[in-house]
Each structure stands twice: as structure tokens, then as C-alpha cells.
Amino acid sequence: MQEVFYEESAMVQSSGPAKTRYYIVKTFSVISYVIATVWGIIAVMLFPTQGNVLLNILFAALPFAVFLASGIILGKIKDKLYVDYDYTFVSGSIRFSRVIKNVKRKNILQFETSSIEKLGRYGSDTFERYMIMPDKKKVVLSSNIEPEDGKGFYYIVANVNGQKYIFVLECSETFISYVIRYSNRTVIEDGFLRKKQ
């Protein structure tokens, strides 16, 4: 077979509100870091050397730790508010990536089509049967509730590094057709090809 490269993205459809939430949480994260820094400087400069030393350390360190932790937590939350996903297919190899605010790209996972156990439409009976199975990890690779025009929600069940994953994708039939072309036909859920036509 010839070399095939195909890439798609599941973009945030309501980017305005997502961007607003991102910047609000980022602002509070930065404010928390600033307060932690100012409190740390004040605590060091005015640290009392008399009295109960343990109580003084607790009084100085506790607010610093709280503001520092809130800055870190808000920073992690911020990175989940404006996320696009890239799906890359290269001749039997599938790669999923997360793109935060169109700037920071993080690879999620890569696997071969030979690792696929089942694929089909999201919400089908087969999908629901997989969802009630124990020891599986569901990974939603879309920030949208409704699929973009020309796309649909699909699932891929794959065994990667000893873990069963159920990936939920927002992609076109073109992407799924490349995956099917390089997969064993038994991975396709019953009735999937009939529904496509």
C-alpha cells in the first residue's frame, strides 16, 4: 500500500466563551502567584524571631502555600477550557494530540491500527456495551457537544500498553475510512457500513 498521511482537527465551536473563561481563570491564577510572592517576601522580611517558632512558621507559610497551590490548580484548570484536538493518521499509525489555545501542543497517545479492537458510531449499542465493561479508560477527544458540519462522533476501542482505551472522536468519515482501510474488517461494529451509506 502507498504511504498515507491524513490529519484532522476537532476545533472548539464556541471559541468566544471558551476564550473568555480561559482568560478569567488565567487572570486569577496569575493573581494567586502574585499574592503568594508578595506574602512570601513580607513573611521573610517581618518573620518574628521571638515567641512560638512553630506557630510563626505556620502563620508565614500557610497563606503562601494556599495561594501558590491555588495558582497551580487554576493554571491546570485553564489548560482544559480552550482545547482543540488533532487526529493524525500515517499509514496504519494513529496519533492523538491536544492543542491548548492554539499555542501549546501535547501528544496524548500513539498506536497502530493493529491495536484496534472495535470502532463505530458513538452511542451505538456496541459502544454502550463497551462502556459497562470494567478496566477501560474513556478518553473524549472533542470539546464540543454537537459535531461540526461534515463530521460525526465515532469511537475507537484500542488496547495500548496493556490498557483498554475507548476514544471518542469528532471526525469525518474520511478519517474513519482510512482507519478501516488499514484495520482488520472484524473491528467494524455490526451495521456500521450499512448506516454510512
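This briefing walks through a four-stranded sheet, a surface patch and three individual residues. The model is a predicted one, so please read everything below as a description of that prediction. Four strands, in the order S1-S2-S3-S4, make up an open sheet with antiparallel pairing. Helix H4 packs on this sheet, while a nonpolar patch of about 680 Å² lies on the surface.

**The sheet**

- The order of the open sheet is S1-S2-S3-S4, and its pairing is antiparallel.
- The edge positions belong to strand S1 (5-10) and strand S4 (104-112); each has a single partner strand, so one side of each has no neighbour in the sheet.
- On average, neighbouring strands of the sheet are turned by 15° against each other, with direction ignored.
- Eight bridges join strand S3 (residues 93-100) to S4, in the antiparallel sense.
- To find your way along this pairing, look for Ser 93, which stands opposite Glu 112 in S4.
- Helix H4 (residues 173-181) packs on the sheet and touches S1, strand S2 (83-90) and S3.
- The direction of H4 makes about 40° with that of S2.

**Helix H1 and the nonpolar patch**

- Val 30, Val 34, Val 38, Ile 41, Ile 42, Met 45 and Leu 46 together make a nonpolar surface patch of about 680 Å².
- One of these patch residues, Met 45, lies in helix H1, which covers residues 15-45.
- Met 45 has a relative accessible area of 65%; this is over the 50% cut-off, so Met 45 is exposed.
- Ser 29 is also worth a look, and is found in helix H1.
- With a relative accessible area of 4%, Ser 29 falls under the 20% limit and is therefore buried.
- Setting aside residues up to four places away in sequence, Ser 29 touches Gly 71, Leu 74 and Gly 75.

**Lys 136 in strand S6**

- Lys 136 is found in strand S6, which spans residues 136-141.
- The relative accessibility of Lys 136 is 25%, so Lys 136 counts as partly exposed.
- Apart from neighbours within four places in sequence, Lys 136 is in contact with Tyr 130, Met 131, Gln 163, Lys 164 and Ile 166.
- One of these contacts, Lys 164, is 28 residues apart from Lys 136 along the chain, yet their C-alpha atoms are separated by 4.9 Å.

Notes. Residues numbered from 1 in each chain as written. Predicted model: local features only at pLDDT ≥ 70, side-chain atom pairs only at ≥ 80, totals over all residues. Heavy atoms only, no water. Pairing = 2+ DSSP bridges. Helix = DSSP H or I, 4+ residues; strand = E, 2+ residues; numbered from the N terminus. Axes fitted to C-alpha atoms, helices over the stretch in contact; angles between N-to-C directions. Contact = heavy atoms within 4.5 Å. Patch = residues over 30% accessible without salt bridge, like charges linked within 9 Å, V, L, I, M, F, W, Y side chains within 5 Å. Areas by Shrake-Rupley, 256 points an atom, 1.4 Å probe, with all protein chains shown as cover. Salt bridge = Lys/Arg side-chain N within 4 Å of Asp/Glu carboxyl O. Buried < 20%, exposed > 50% of the residue type's maximum accessible area, 1.4 Å probe, protein only.
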